[in-house]
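Hello,

Here is the structure I promised to pass on. Please open it alongside this note; what I found follows below.

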Amino acid sequence: MSENESLIELAEIHQGLHEKWVPHEGQVPIGRALFYEGYKRAFVCCGRSFGKSQFAAYFVTRNALENPGSTNYLFGPFIGQMKEIYWTPRIIHKLLNPEQIQSDNSTEMRITLTNGSMIKVCGAENYEAYRGVKLAPNSICVIEEAKDIRLEFLDAFLPNLSVNDPTLLMIGTPPYRENHFIRFQKHAQASEDWFYYWAPTEVNPHVSKAFLDQQKAFLCDNGMEDVWLAEYMATFTLGGHRSVFPMVPKMPILPLDEAWPKDSNKWTLYVGFDPASTSVFAVVFFLFNQYSRKVIPVGEIYESRPEFCTARAIHRAVEAKVSRFKEKGIKSVEMVYDSAARWFRNEINDIDASWWLAPCDKSQGLQGEISCWRGVLAHGHFQWTDATPKLRWEMENYILDEKGRLPDKDDHAWQSGAYILKAMGFDFTETLEPRTIFNEEKRAFRLEDEIRFDGKWGTVGEEIYD
């Protein structure tokens with residue numbers, strides 16, 4: 001086939017496609033980058049009603065028509081979801097002429113074209129099935145709703161792209177908690193090899209501006225500004241309406257050297273343990289001043305490697321940190337552990353008899369631990385530092401799911417912190433009831449200091465409201 005004949009055939013393909021559907025002006029830059037500018041990797045962070053599903057269908061169909069023998073995949077989180085979006089409404093079929101289709105298999109959601117190309121609509125649940133599946137030259141793969149795709153699927157499938165250099169397009173709205181979507185987004189923004197495109201809903205000229213104004217007003221007036229930002233402005237935010245600790249992202253972070261107290265010899269170092277042997281073993285280190293009731297996080301251990309989640313390995317790591325803190329003036333150390341992990345205490349007793357591990361107070365359950373943290377954060381007791389990034393990450397991303405349920409993961413460090421706060425005497429009733437806080441030790445006492453006003457013996461305390 002001559003060059004002129006190839007150009008004519010290509011023009012006919014484009015004309016046939018664009019008679020059925022034309023990308024709007026907000027989608028054109030993506031097609032230009034992938035079809036004309038030579039990008040093999042693209043990441044599109046877009047708002048709802050941007051038209052990503054229709055564009056994804058157009059993208060795989062155009063590539064299949066332009067590149068005979070190519071194998072083109074369109075992945076989404078769930079096979080049922082992809083069937084309802086793509087196969088049942090036949091949006092890919094509608095972009096093709098009947099004579100361009102050789103066969104279609106509804107069971108496998110596969111369309112084979114007369115030029116030898118294939119288009120397959122897939123769910124990502126059965127990720128092992130796509131391990132080792134290689135794409136033909138000039139093929140493309142679209143990953144739709146990328147924030148909801150299982151990380152296991154990405155780990156299994158993406159290595160397949162190392163052969164024949166196929167094109168990858170990841171597209172979706174941002175999540176409400178940091179996950180692989182945000183990591184890929186940051187990588188795409190920083191890499192010259194990736195085309196990155198941000199597309200809020202408003203770039204779609206077919207969406208009513210009046211509708212967007214109404215949605216913004218409704219969501220923001222009802223305390224759901226984060227929904228407006230994520231779903232329509234394609235902007236990732238922390239501390240939204242589903243956040244369990246919404247105040248954390250707004251709290252400033254000080255360098256540890258700046259936050260370290262000058263009178264550290266008057267502070268107590270608390271070490272909190274959340275033992276685990278197969279997930280994450282978390283240990284956090286807080287300084288506490290019993291007079292000012294201030295808490296400063298000064299270190300953490302966040303270990304996920306099984307060989308380092310043993311009592312002996314953790315003991316070694318904690319001893320090293322405690323020694324450094326003692327060199328900086330700390331004299332008193334308290335340790336508290338998850339009372340459900342007696343195996344850890346028993347093993348530590350065999351390793352180091354000098355360690356005194358106190359069991360945590362879990363009488364109020366998970367809700368009590370959350371309330372304790374909220375009270376401490378809301379009333380200025382806690383000063384964030386850069387020494388506990390994993391603790392901060394857990395609390396920033398601890399959000400309720402769509403059904404209002406608490407997550408059951410990424411809670412190891414903040415629960416270790418909750419054990420410590422309880423041991424320090426904080427609790428969820430602190431803001432409601434006065435507590436007795438004793439003044440710093442005096443140099444001398446008078447006889448009347450030892451007598452209460454009610455005639456009973458004991459040191460006089462000062463009742464205050466926090």
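The largest nonpolar core in this predicted model has 39 residues. Ile30, Ile92 and Val142 have the most contacts inside this core. Helix α3, residues 52-66, gives the most to the core: 8 residues. In general, nonpolar side chains tend to be buried together in soluble globular proteins.

Take Ile92 as a way in. Which residues does Ile92 touch, leaving out those up to four places away in sequence? The list is Ala57, Val60, Thr61, Leu74, Tyr86, Ile111, Ile119 and Val121.

Another core lies apart from the largest one. This other core has 30 residues. Among them are Ala282, Val284, Val295 and Tyr398.

Now the sheet. It is open and has 5 strands, in the order β11-β10-β9-β12-β13. The pairing is mixed. β11 (294-303) and β13 (357-359) stand at the edges. Each has a single partner strand, so one side of each is left without a neighbour in the sheet. Neighbouring strands are turned by 25 degrees against each other on average, ignoring direction.

Look next at β9 (residues 268-274) and β12 (residues 332-337). These two strands run parallel, and 6 bridges join them. Val271 stands opposite Met335 in β12.

What packs on this sheet? Helix α10, residues 311-327, does. Helix α10 touches β9, β10 (281-289), β11 and β12. The direction of helix α10 makes about 20 degrees with that of β10.

Best wishes

Terms used: Residues are numbered from 1 along each chain as its sequence is written. This is a predicted model: local features need pLDDT of at least 70, side-chain atom pairs count only at pLDDT 80 or more; totals for chains, interfaces and linings use all residues. Side-chain values use heavy atoms; hydrogens and water are left out. Two strands pair if DSSP finds at least two bridges between them. Helices (H or I, at least four residues) and strands (E, at least two) are DSSP runs, numbered from the N terminus. Axes are lines fitted to C-alpha atoms, for helices over the stretch in contact, and angles run from 0 to 180 degrees between N-to-C directions. Contact means heavy atoms within 4.5 Å. A nonpolar core is a set of buried Ala, Val, Leu, Ile, Met, Phe, Trp, Tyr and Cys residues joined through side-chain atoms within 4.5 Å. Buried means under 20% relative accessible area, exposed over 50%, partly exposed in between (1.4 Å probe, protein chains only).
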